[in-house]
Amino acid sequence: MEIKGISDRMKVEDGRVEVRGGGGCLTIVGIPFLLMGCIPIVALIFGQFSIAAPFEYVLVGILCLIFIAVGGVLTFARYSLEMDGNLRTYRKRFRVVLVTSERGGSLDKFDKVSVMHRVRRRTSNEGGSRTYTDYPIRLEGPAETLDISSPNILENAQRDAEQVAKALRLPLADRTGPVE
């Protein structure tokens, strides 16, 4: 039986929870960075513009590589968190093209699923600040926490946290209101 949460990146099915991220709008933002890094290199190779001093080649090359790296991460980076309540394991993966970082462990380290209210502040260059609210969903244990997701709508966070708690057979600690 599959239960689809409100979050489009979370899937709960038969005691398993999968959270995926990356792609989407980040890809659209990353493509211009990739192009801004690749176009000058291609133009230099085909002689479409020239540079006077040799150190300018190095400077242009370094800047192009920075743009290519940022664009590559934004365009091709993906992450996933897979938790299996039946096997009591989790696996967290981050991947950029062929490079993968993976971490896993036992769910027995965690004793509850929590959702809380968090207000964050962003400072701006003009000297002001903006605040925004999110509702992080986490697995909590005596020695470790594992972030699952951070929806910005309370009802979505509560519903997703409840689904995760049911799938993993852990109690839910709802810290979004005045009483837990």
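Select Leu139 and Leu146 to begin: Leu146, in β11, is the bridge partner of Leu139. The model is predicted, so local features are given at pLDDT of at least 70 and side-chain atom pairs at pLDDT 80 or more, while totals for chains, interfaces and linings use all residues. Residues are numbered from 1 along each chain as its sequence is written, and side-chain values use heavy atoms, without hydrogens and water.

Next, display β10 and β11, which run antiparallel and are joined by four bridges. Strands are DSSP runs of E with at least two residues, helices are runs of H or I with at least four, and both are numbered from the N terminus. Two strands pair if DSSP finds at least two bridges between them.

Widen the selection to the open sheet of four strands, whose order is β11-β10-β7-β12, with mixed pairing. At its edges stand β11 and β12 (172–175), each with a single partner strand, so one side of each has no neighbour in the sheet.

Now add α3, which lies across β7, β10, β11 and β12 and runs at about 175° to β7. Such angles, from 0 to 180 degrees, are taken between N-to-C directions of axes fitted to C-alpha atoms, for helices over the stretch in contact. Contact means heavy atoms within 4.5 Å.

Then select Leu168. Leaving aside neighbours within four places in sequence, Leu168 is in contact with residues including Gly15, Val17, Met83, Arg88 and Leu139.

Finish with the largest nonpolar core, which has 23 residues. Such a core joins buried (under 20% relative accessible area, 1.4 Å probe, protein chains only) Ala, Val, Leu, Ile, Met, Phe, Trp, Tyr and Cys residues through side-chain atoms within 4.5 Å. Its largest share, six residues, comes from α3.

How values were computed:
Buried means under 20% relative accessible area, exposed over 50%, partly exposed in between (1.4 Å probe, protein chains only).
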